[in-house]
Amino acid sequence: MKKLIFTAIPLILTALCGALEVRVSNGTVSVAGDGMNFTVKDGVITSLSGQEFSKAPNQPAGLGILRSVDLLRSGHMPWGEPALNQALNAKFDYSNYFRPCSRSKVQFEKTKDSLRIIWTGLSNNKEFIPDAVYSMEFSQRKDGAMQVSVSGSYDKGGVFGAVVPFGTIKSRNIVTPTLGGMKYFTGSPAILTFGTPPYLEAPFCAVETGNGKSFGIWLEDPTFRPAFFAIARTEEGFAPTVEINTLIPYEDKTSVTAPPVFFNVFNGDWKAAATPFRNFYKNTFAKEIAIRDGVKWAKDIFVLSGVEYKLPDDENLAKYVSLYGKDKILMMTWNARADGWDMNLPEWTPRAGYVEGVARAHKHNIRTMAYVNICCANYYSDAWKKYNLDKIFLTRKNSIYQYKNEENKTGAKALNIGNDDYGAAPDLMKNITKGSCLYGDLLSHLWREFHVNLMKKWYAETKTDANYEDTSGTTGDHGNGIVRGLSAGQGDAEQMRLLLQGQPHVPNAGEFAPAAVAFGITWPLNYPTVYGNHAFRISRLHRQVPLTNYLYGYRQLLTDNRGYSDFLKYLQSAVGDMVGGFGFIASDFILDNSVEEIEKSKSYDGFLHRRAKLFSEKNLQNYYPEGSYPENISAMYKGKDGIYSLYDNGFLQEMRSPAGKALYGRVNGTNKVRSVLAPVNWPFFNGKELSGLNPDEFYCLFSDIDKTALYADTLPDGVYLETYFDTPSATFLKLNSKNHKETEFLLNSRIQYEHCTVNGKTWIPGTPVKGKLPLSVICFKKGNSNAYAVWKVSPGQMEGENREYSTLPDKQLKKRSMKELHGGNALVAVPVTVTGEDMVFEAIVRDDSNLFIHPHDGTLLRLYVNGKQLKELDSTGGVEPKWIGDREARTLMFDQRLRKWSIPLGKMFKKGEKVLVNIECFSRANTRGDKVLLTYSTKEGK
């Protein structure tokens, strides 16, 4: 080993280390030769192979030495998502990090294949520690990848990690293994953080530089050391850092030696950058992956349908098969165990009738899956005592982002406390409330064996084909140090190995699937309806890529569960297409409708059905082309008849056939778009372009669209359709705009009407429509004057098939016969002919929703006359209800009193004039449990 020592002074010092030329100037170390060409300044990599990285505004670097527990916690936010305002401030205080500086002594150690740079004396810009040491050892693999191994020491302790930082790489976006794979775009300065799964499902990121190249950074660590990524974002690009941590607790740690971090520049998009990690993982866990992928039937599953408690009867199971085919359907039961199981984990007694339901499904060639739980237990529950978990369960003591958080030590949040001795008596866990759901640490070998035995017993009793192992992805360092030679995520990996070995015939789904367990997960659950808020969910619609599927070879599991609204169903399907999932469908939709109704429906559920049918008929599986994806293609699928592509231009998404034909689509965020697809009942579609879209809404697009009664070739820019429906009595069209006060366009009709008005003034079809916005067009048909109920199937459009008001279900309430209007956004359209000046239209309405179907959030009821709102009832009183589990309190959150609305139509209109009264129900964010009671009448006033 050849060693040279320099003291950093503002002179240029040059040394030849073998075939390497090393130059030191003002804290910058430049290295050239032997295939290595890079520079490091103050411990930050600032160039590679001639590509310069500009200085990052602020980032962690060097050796992590604990100086502030508060900064340690806040600086390790598990997920610094900008859309949730969770990103760190660009000027975050990184005084817990000590890096090389002008006072550091630098020396080099050269071996045959590597160069090690060692700095003695480190600073955090406030404090200089002369005896702290940080080193970076560089080498190059035969495949061209550079690798750097960092280490460091400080004799007084508190060493929590070492960092490999890069300067700002000029780029448009960075791709991270977040929630299946996600792009982050350049923007205002901030620091994006990625720690625990599912926010960091692999130690990898790829910076796409926009010139057909990508820069990849990754770890190849089969021991799953705790790692943390912090990425400084600017308007120009991203400065990634990889931090490898020591084990909790940190105070006694005096040194850190990290596994190597690899990096390289690649020709191609994120797939090229991800290939080395993918190959490492496949080779390292080849035996486990072979067991996982050895279940042949799992490859033929293309449709998932979930049920809460009971598998369907024979008639409905046969319906599923007629729709999606044999051996292609997986039925997921979320509550397959007896009542009370969720307060008695880990009890696995099957629910009455469940075993028979599994046998029934098998008779129809349908596979089954059930919710199980890999690590949770209710403290001192009956199951806890039954299985003597005092001797088995290992509590989770800590985490880096909650390090020594004293506020998180009571009740159901008692996840950070317990005893180092997991065989200790229960009274030593006195701070934990009985019944609390605790997450266990799978470093306990006794628990691992116990869980596998429970799963074997579960299969023997029920013959359930697959298990959804909830909480299986929650890997990390939970503060238990080294147990029987294993630490951090190694316990989770060993649990997954045991499951594969113990039940090689039973595939596992998982609550996401990071590196520590991915080799044993066939289907990781991707749950877009759960994470973040509405703004974040919208931001996901065009940011996802099938990254973790590519890395690990599994398929994302998308479910209809918690698809409480039309938007959430839209989101689920969009994410499923982008991350590489398969079809899914709500069981209620299948059970409540005939095959003919299902096939015909153009509701959001009907859209999900068509998507699921395509996946099952064509056997769609992830496909990754050589090189980059074609322009505006974000995912590709291989079907039995060729390659299918997901087109996405940031507004429009279309699933396209091998011949390039658009089969189904979605659109949001725009007023006009070119497409051969359209929403149901859309009057402003000319076969090539859609206009009249509301940029704030979300539209499902179909290929088989019926022509509407009223139509126009296009709408003026900025004007959007608010409502359109056509009943046997009348056609109603309402337009609005955020920017315009009035509009003018040519509107035509395919049928003859008795009378039409625009904002109350007579209008003749085929002539221009002109008026102030909001603008209502109402056309009355000859002969029929009945009232009809219609349901909204997408923003702006109501279901083409109407239901006569008189056929709605009856309910007696306070000696009144009222009609039930079930579910979602709906209205009753009532044509009325004014009989005289004393005529009154009277409506009685009530929100009759089931308040205890979570997450019912109230109903808005409104009455319109000729498109103008005259009455409103908000059953929440304007206060967003919070579900707190208290049934009595829940009844006080909603106004469910009868309300009477009287409208003096005789005073408003002339005798003989026709008007249209709409009584509308708006479901707010969620539709579950929604139901409205209403009745109406007309009478002569006094």
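Helices here are DSSP runs of H or I with at least four residues, numbered from the N terminus. With that in hand, welcome to a short tour of this predicted model.

**Starting with two single residues**

Helix α4 covers residues 314-324, and Glu315 is found in it. Is Glu315 buried or exposed? Its relative accessibility is 63%, so Glu315 counts as exposed. From Glu315 to Ile329 there are 14 residues in sequence, while their C-alpha atoms lie 16 Å apart in space.

Phe98 sits in strand β10, which takes in residues 97-98. Phe98 has 0% relative accessibility and therefore counts as buried. Which residues does Phe98 touch, leaving out those up to four places away in sequence? On one side of Phe98 in the numbering there are Ala61, Gly62, Leu63, Ile65 and Arg67, and on the other Leu122, Ser123, Asn124, Glu127 and Ile129. Lys310 is another matter: Phe98 and Lys310 are separated by 212 residues in sequence and by 58 Å in space, C-alpha to C-alpha.

**Helices α7 and α8**

Next comes a pair of helices, α7 (residues 445-462) and α8 (residues 490-502), whose axes are 10 Å apart and which pack at an angle of about 30 degrees. Angles under 35 degrees count as roughly parallel, and α7 and α8 are therefore roughly parallel to each other. The crossing in which α7 passes α8 is right-handed.

Who meets whom in this pair? From α7 come Trp447, Arg448, His451, Val452, Met455 and Lys456, and they meet Gly491, Glu494, Gln495, Leu498, Leu499 and Gly502 in α8. Sorted by class, this contact of α7 with α8 has 5 nonpolar, 4 polar and 3 charged residues.

Helix α8 can also be checked for length. Its 13 residues should span 18 Å at 1.5 Å a residue, and the end C-alpha atoms of α8 are indeed 18 Å apart, which agrees. The buried residues of α8 include Gln490, Gly491, Asp492, Ala493 and Gln495, and also Met496, Arg497, Leu499 and Leu500. What do the buried residues of α8 pack against? Their partners are α3 (286-292), α7, β31 (466-470), β33 (486-487) and β34 (508-510).

**Helices α11 and α14**

A second pair is formed by α11 (residues 566-579) and α14, with axes 9 Å apart and a packing angle of about 20 degrees. That makes α11 roughly parallel to α14. Here the crossing is left-handed. On the α11 side, the contact is made by Asp566, Lys569, Tyr570, Ser573, Gly576 and Asp577, and on the α14 side by Tyr604, Asp605, Phe607, Leu608, Arg611 and Phe615. The residues of this contact of α11 with α14 divide into 5 nonpolar, 2 polar and 5 charged.

Helix α14 itself (residues 604-618) has 15 residues and reaches 21 Å from its first C-alpha to its last, close to the 21 Å expected at 1.5 Å a residue. Why can α14 be called largely enclosed by the rest of the structure? Of its 15 residues, 12 are buried, so α14 is largely enclosed. Among the buried residues of α14 are Gly606, His609, Ala612, Lys613, Leu614 and Ser616.

**Backbone features to look for**

Most residues other than glycine have a negative phi, and most peptide bonds are trans. The table gathers some exceptions.

| Residue or bond | Backbone feature |
|---|---|
| Asn26 | positive phi of about 50 degrees |
| Lys463 | positive phi near 60 degrees |
| Asn619 | positive phi of about 55 degrees |
| Ile248 to Pro249 | cis, omega about 0 degrees |
| Leu345 to Pro346 | cis, omega near 5 degrees |

Where are these residues placed? Asn26 lies in the loop between β3 (20-25) and β4 (28-33). With 46% relative accessibility, Asn26 counts as partly exposed. Lys463 has its place in the loop between α7 and β31, and its relative accessible area of 42% makes Lys463 partly exposed. Asn619 comes just after α14.

As for the two prolines, Pro249 is found in the loop between β23 (237-245) and β24 (255-257), and Pro346 is in the loop between β27 (329-333) and α5 (354-363).

Conventions. Residues are numbered from 1 along each chain as its sequence is written. This is a predicted model: local features need pLDDT of at least 70, side-chain atom pairs count only at pLDDT 80 or more; totals for chains, interfaces and linings use all residues. Side-chain values use heavy atoms; hydrogens and water are left out. Axes are lines fitted to C-alpha atoms, for helices over the stretch in contact, and angles run from 0 to 180 degrees between N-to-C directions. Angles under 35 degrees count as roughly parallel, over 145 as roughly antiparallel, 65 to 115 as roughly perpendicular and the rest as oblique. A crossing is left-handed if the near helix is turned anticlockwise from the far one by less than a right angle, and right-handed if clockwise. Contact means heavy atoms within 4.5 Å. Ala, Val, Leu, Ile, Met, Phe, Trp, Tyr, Cys and Pro count as nonpolar, Asp, Glu, Lys and Arg as charged, and the others, Gly among them, as polar. The expected span of a helix is 1.5 Å times one less than its number of residues. Buried means under 20% relative accessible area, exposed over 50%, partly exposed in between (1.4 Å probe, protein chains only).
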